[in-house]
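Visitor: Hi! I'm new to reading protein structures. Could you walk me through this one?
Guide: Happy to, let's look at it together.

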Amino acid sequence: MRNIQDEINERKYSDNIPHPRNRGQDNFFTADPNLAYHVQRFLPPHMQEWALKQLSGFGAQVAGPIDERAAFTDAEGKPQLRKYNRLGEDISEIVTNEGYKKTVAEVYGAGIVGHLYHPVSELGTTVPYMYSYFMGYLLSQTEAGFYCPVTLTLSAAYLVHVFGDEWLKKTYLTGLTSLQYETLYEGATWLTERQGGSDVGANRTTAEKVEAEENVYRLTGEKFFASNAGAMVATVLARVDDRKQGTKGLGLFLVPWMKPDGERNRIFVRRLKDKLGVNAVPSAEVILEGAEGYLIGKAENGFKYMADALNISRICNAVASIGIMRRAYHEAIYYAENRTAFGVGLTEYPMVREMLISLLTDVEVSASAVFHLIEYFDKVMRGTALPEERVMSRVLTPILKYRTGEEAVEAAHTAIEIHGGNGYIEDYVTPRLLRDAQVTTVWEGTSNILALDLLRVMEKEKGHEVFIREVQVLTSGFTHPLSKPFADHINKELSILEGNIAYLLEQPKDYITYKLKSIADHMADIYSLCCIVREAEDQARNDGNARKYIVAELYRKKHFEWDKNRGIKGDSLLDVQFFSQLISYSPITEQQVAVYSTFYD
């Protein structure tokens, strides 16, 4: 029997990256040795062999039948609203195509939610969130739209599990975490209202207590952008106290589509949204007319609970973004390797090599940063995080959600440009990637909202001070000779960041908020560089492979020295020199790094 790792290793030294259309030959997991590296870096040793096997199987699914279904759903099989039955009764039924239902069964059946709560028989334990996010990374390469319902189910399960009472857990948690399609309850989150948008405190949906019924309320109002409408259960914020302004008067409720007694709840869909992308997820305008809902936790803590779950979905958003980036690179490199122009293969042109390696660098470095963030997040979810680690999770989540969303759009654009006119044609996946990528800058908070969230962590928890200290600790742990220049550079940038933040916090509020995204960008640059150097040092020490140092240097040049001589003078063209080794994940020696990189002069 072939070992999964053997297949991955074969891919490392092959320049032939198969095309996603070559069914039966392609696998998004084995085509990505960097993901196998992360499995071995971040999952506990007893789980790695099992995870490599499971993710390889899932990688084949998403590259094959799930990808084909995703293309069909996007083009022809979008969710439909069946508003009335033959008797003229409003049933507000959302109908999805059969292929989409198969994808639902396969993805949840693979344990993307359920393995977090139910022990895996082969392991005798549950899996960490890291494993679920690895699955999400693969899934998003083919169906970022469907990863939204998965995200909402993850959030609903978390809220019921952590804050729900015993009746709520008994009634709904089993369904939310089921691996069987027949017993699965998909989740939804309905926050946005017409007058509020990102300003959740302006929400007007009301919740009226049902007398003689513990924790049972009647919800009345409109949710203007309800994602995954038609899901069995939705978590909904509603106003329980009109005397309290803003978010303080909001409670959190679980609202089922069908009540426990089998009666249909009073939930109605006005219309489905006609969106730019992510067409797999049904987004709707939902009307609640005295819908029965069950209070989650304490009535006064509704927004706090939802904000807690928002960390799950923001990381999901970042994972979806790097998944889209990876697929964009996957398509671009295949096309470039198999296309000639003016009698020469595209990959022979230095300009094309620069575009491809710039895209690969962003994918690899951002994946590193996101998975290192999830390492903090997993500790928080297990209750083992130190205070500094908890704050780092809070600081990094909005920063990396913001950064990766912007990069996903850029990556999809780059893939289209490499394809030329073909990249604009719907026969290729690139238009869908661009349309789907656009939402990653909007879902779970726009860049402005995320910057304000960063400011709150800075003001309430001294997040910037924790960030600077933690990165200093990480760089002090660099011991490899090739890491020293990076450590010096990162510490220099930390000093600049510290001075800028000290100055900024003394300025008027409007000036502070105006400059927040510049601070977020600088922090993202510093942390991302730190993460890729950590991985470079790890690979150099354990495998004698200095390839990631080249990736780190390319990232440093792109994000910290882009305006030095406008990039004209003294460029060692590392992306051109090491093109073949970088795209094939082949080893690069420490001596090669030292010879070619001016950073080590």
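Guide: One term before we start: a residue is called buried when its relative accessible area is under 20%. Also keep in mind that this is a predicted model.

Visitor: Okay. How many residues of strand S6 are buried?
Guide: Strand S6 covers residues 233-239, and 7 of the 7 are buried, so the strand is largely enclosed by the rest of the structure.

Visitor: Which residues sit on each side of it?
Guide: On one side you have Val233, Thr235, Leu237 and Arg239. The other side has Ala234, Val236 and Ala238, and both faces are covered.

Visitor: What does S6 pair with?
Guide: Strand S3, residues 187-190, runs parallel to S6 and is joined to it by 4 bridges. In that pairing, alanine 188 stands opposite alanine 234. S6 also pairs with strand S7, residues 250-256, in the antiparallel sense over 7 bridges. There, alanine 238 stands opposite glycine 251.

Visitor: Switching topic: what domains does the domain assignment give?
Guide: The assignment gives domain 1 (33-183), domain 2 (187-302) and domain 3 (464-568).

Visitor: How many residues of domain 1 are in contact with domain 2?
Guide: 30 residues of domain 1 are in contact with 33 residues of domain 2. Between them the two domains bury about 2,400 Å², and 70% of that is on carbon and sulfur atoms. On the domain 1 side, Ile94, Leu152 and Tyr172 lose the most area to domain 2, together making up 23% of what that side buries.

Visitor: And how many salt bridges cross that interface?
Guide: The rule finds 0 salt bridges across the interface of domain 1 and domain 2.

Visitor: How many does a search of the whole structure find?
Guide: That search finds 38 salt bridges. One of them joins arginine 326 to aspartate 32, with the closest N and O atoms 3.7 Å apart. Arginine 326 lies in helix H9 (residues 302-337) and aspartate 32 in the loop between helix H1 (4-12) and helix H2 (33-42), so the pair ties together parts that are 294 residues apart in sequence.

Visitor: Is arginine 326 buried or exposed?
Guide: Arginine 326 counts as buried, at 2% relative accessibility. Its partner, aspartate 32, is also buried at 2%.

Visitor: What about lysine 101, which residue does it form a salt bridge with?
Guide: Lysine 101 forms one with glutamate 98, at 3.3 Å between the closest N and O atoms. These two residues are 3 apart in helix H5 (residues 98-109), which means about one helical turn separates them. Lysine 101 is partly exposed at 28% relative accessibility, while glutamate 98 is exposed at 54%.

Visitor: Which residues are linked in a network of salt bridges?
Guide: The linked residues are Arg194, Glu222, Arg270, Arg271, Lys273 and Glu285.

Visitor: Last topic. What does UniProt say about residues 188-289?
Guide: An unreviewed UniProt entry places the feature "domain: Acyl-CoA oxidase/dehydrogenase middle" there. In the model, that span is 0% helix and 45% strand, and its end C-alpha atoms lie 18 Å apart.

Visitor: And residues 301-457?
Guide: The UniProt annotation, again from an unreviewed entry, is "domain: Acyl-CoA dehydrogenase/oxidase C-terminal". Residues 301-457 are 78% helix and 3% strand, with end C-alpha atoms 19 Å apart.

Note on methods. Residues are numbered from 1 along each chain as its sequence is written. This is a predicted model: local features need pLDDT of at least 70, side-chain atom pairs count only at pLDDT 80 or more; totals for chains, interfaces and linings use all residues. Side-chain values use heavy atoms; hydrogens and water are left out. UniProt positions are given in the numbering used here, feature names are shortened, and annotations may be inferred rather than shown by experiment. Buried means under 20% relative accessible area, exposed over 50%, partly exposed in between (1.4 Å probe, protein chains only). Two strands pair if DSSP finds at least two bridges between them. Domain bounds come from an automatic or database domain assignment. Contact means heavy atoms within 4.5 Å. Buried area is the accessible area (1.4 Å probe) that two parts lose on being put together, summed over both. A salt bridge is a side-chain nitrogen of Lys or Arg within 4 Å of a carboxyl oxygen of Asp or Glu.
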